[in-house]
Amino acid sequence: MFERRHTRQITVGKVPVGGGAPISVQSMTTTKTADVEGTLQQIYALAAAGCDIVRCTCNEQEAAEGLAQIVPRSPIPIIADIHHQYRMALAAMEAGVHGLRLNPGNIRKPEHIKAVASEARDRGLPIRIGVNGGSLDPSLYEKHGGLTAQAMVESALQEMNYFHEVDFTQMKISVKASSVPLMVEAYRLLADTVDVPLHLGVTEAGPPPAGLVKSTAGIATLLLEGIGDTIRYSLTADPVEEARAGRQLLEALGLRERKNVDLIACPSCGRAEIDVIDVANRAQAAFADRKLPLQIAVMGCVVNGPGEAREADLGIAAGNKRGHLFVKGRNVAVVPEDEMVDALVEWAEFINEHGVDAAIARVDTALAEREAARDRSQLLNEKGDDANHAGEKIIEIRKTVGS
Ligand code: SF4
């Protein structure tokens, strides 16, 4: 739908980044890396949630030693996040990581930067130049009169030059800031200047929902301009939420194939026969870790639900304290209200395995259609056409305005 900017390709483990590769999702573990089992549990949960590449901190010797045990058991490539000590970068490479992240604001001595890049070059490992608005080299703040997009890009280019001096080319760059307009400007400037893959993110975005909104605003804006090869949501939350959000954004933009359920739900109205928010939340939780590339609808009533969500692969609408299941808008079964979510899961798994036609053929749809028609007409009798009483309100408004 929109053209992606051309970048060179690098690989992180087996995951290609840039050069037209699918945009990858990244996250970062929050455990102590020395806690091998705890970190691996989190990595497995992240991989299940759609994370392609994971970053672990490597801030001390114990962390590097932990990485030596974690890397061979990880289902996805691991990047070591290096803070101030370049020796930790060397130790992480020794541990077998698939890549490094260096912050140019933290490791500043050219000989240290070049020592790390030379070692990475010899091992064929990529490095992310991770510029962060909050930890820029003070001399760049001074030169640019504060934190600006130009200052962040200059920081990245300086680091790149050190890399080039030792013939290191396997790099990607990020220029993250906590301000969305600033990070968008910095990435646009960078995209005009270099052809290396870009890692997108809004740093310190905070807890959801504000953190999700800020991250989505920045990342989606750039992706829609064709900028960005890999992304990370930085949330003050369980990192699994970061991975899910990243994956969902790419699926919503059509940049990655749907892997998980796309849950849609009606906004609810005076006609709703159930607590739509509660059922939708329970359905979301039930489908969270199931790899079912289906669109599934939760609708508040049988009067309009199956019709409004006729494009969904599967859905459920409430009527008279029971749930009417429908497949592609056709009623297929009626279940008790407290079994609605379980029934959705069972039908979704059947459709995923056997397809929509087999699901419709599996039951007597005439029976379900009769039941739905009965509930629909009963609800229309009880609540009429105007379940929200909009007509009555309009009469009152006219009286108020007219008086
Ligand atoms: S009419 Fe029914 S399906 Fe539509 S919003 Fe109201 S409750 Fe939901």
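**Exercise 1. Two helices that cross**

Helices α4 and α6 are oblique to each other, where angles under 35 degrees count as roughly parallel, over 145 as roughly antiparallel, 65 to 115 as roughly perpendicular and the rest as oblique. The structure is a predicted model, in which local features need pLDDT of at least 70 and side-chain atom pairs count only at pLDDT 80 or more, while totals for chains, interfaces and linings use all residues. Residues are numbered from 1 along each chain as its sequence is written, and side-chain values use heavy atoms, with hydrogens and water left out.

Task: state at what angle the axes of α4 and α6 cross, and which residues of the two helices meet.

Solution.
- Step 1. Helix α4 covers residues 110-123 and helix α6 residues 149-165, and their axes come within 9 Å and cross at roughly 60 degrees; helices (H or I, at least four residues) and strands (E, at least two) are DSSP runs numbered from the N terminus. Axes are lines fitted to C-alpha atoms, for helices over the stretch in contact, and angles run from 0 to 180 degrees between N-to-C directions.
- Step 2. The crossing of α4 and α6 is right-handed, a crossing being left-handed if the near helix is turned anticlockwise from the far one by less than a right angle, and right-handed if clockwise.
- Step 3. On the α4 side, Pro-110, Ile-113, Lys-114 and Ala-117 meet Glu-159, Tyr-162, Phe-163 and Glu-165 of α6, contact meaning heavy atoms within 4.5 Å. By class, this contact of α4 with α6 has five nonpolar, no polar and three charged residues, where Ala, Val, Leu, Ile, Met, Phe, Trp, Tyr, Cys and Pro count as nonpolar, Asp, Glu, Lys and Arg as charged, and the others, Gly among them, as polar.

**Exercise 2. Another helix pair**

Task: describe how α1 and α2 pack, giving the angle and the distance between their axes.

Solution.
- Step 1. Helix α1 (residues 36-48) packs against helix α2 (residues 61-70) at an angle of about 55 degrees, the axes being 10 Å apart, and the two helices are therefore oblique to each other.
- Step 2. The crossing by which α1 passes α2 is right-handed.
- Step 3. From α1, Val-36, Thr-39, Leu-40 and Ile-43 take part in the contact, and from α2 Gly-66, Gln-69 and Ile-70. Sorted by class, the contact of α1 with α2 has four nonpolar, three polar and no charged residues.

**Exercise 3. The five-stranded sheet**

Task: give the strand order of the five-stranded open sheet, and then find which strands helix α14 touches.

Solution.
- Step 1. The order is β11-β12-β13-β14-β15, with mixed pairing; two strands pair if DSSP finds at least two bridges between them. Strands β11 (262-265) and β15 (330-336) are the edges, each pairing on one side only, and the twist from one strand to the next averages 20 degrees.
- Step 2. Within this sheet, β12 (residues 295-299) and β13 (residues 314-319) pair in the parallel sense over four bridges, and Ala-297 stands opposite Gly-315 in β13.
- Step 3. Helix α14 (residues 365-383) packs on the sheet and touches β13, β14 (322-327) and β15, with its direction at about 75 degrees to that of β15.
- Step 4. Thr-365 has its place in α14 and, at 11% relative accessibility, counts as buried, a term that means under 20% relative accessible area, as against exposed over 50% and partly exposed in between (1.4 Å probe, protein chains only). Not counting residues up to four places away in sequence, Thr-365 touches Arg-330, Asn-331, Val-332 and Ile-360.

**Exercise 4. A residue in β13**

Task: decide whether Ala-317 is buried or exposed, and list what Ala-317 is in contact with beyond its sequence neighbours.

Solution.
- Step 1. Ala-317 is found in strand β13 and is buried, with a relative accessible area of 0%.
- Step 2. Leaving aside neighbours within four places in sequence, Ala-317 is in contact with Met-299, Cys-301, Val-302, Gly-305, Pro-306, Arg-322, Gly-323, His-324 and Phe-326.
- Step 3. The C-alpha atoms of Ala-317 and Tyr-141, which lie 176 residues apart along the chain, are separated by 58 Å.

**Exercise 5. The eight-stranded sheet**

Task: identify the edge strands of the eight-stranded open sheet and the helix that lies across β8 and β9.

Solution.
- Step 1. This open sheet has the order β8-β7-β6-β5-β4-β3-β10-β9, with parallel pairing, and its edges are β8 (171-176) and β9 (199-200), each of which pairs on one side only.
- Step 2. Strand β7 (residues 127-132) pairs with β8 in the parallel sense over six bridges, and the bridge partner of Val-131 in β8 is Val-175.
- Step 3. Helix α7 (residues 180-193) lies across β8 and β9 and runs at about 150 degrees to β8.
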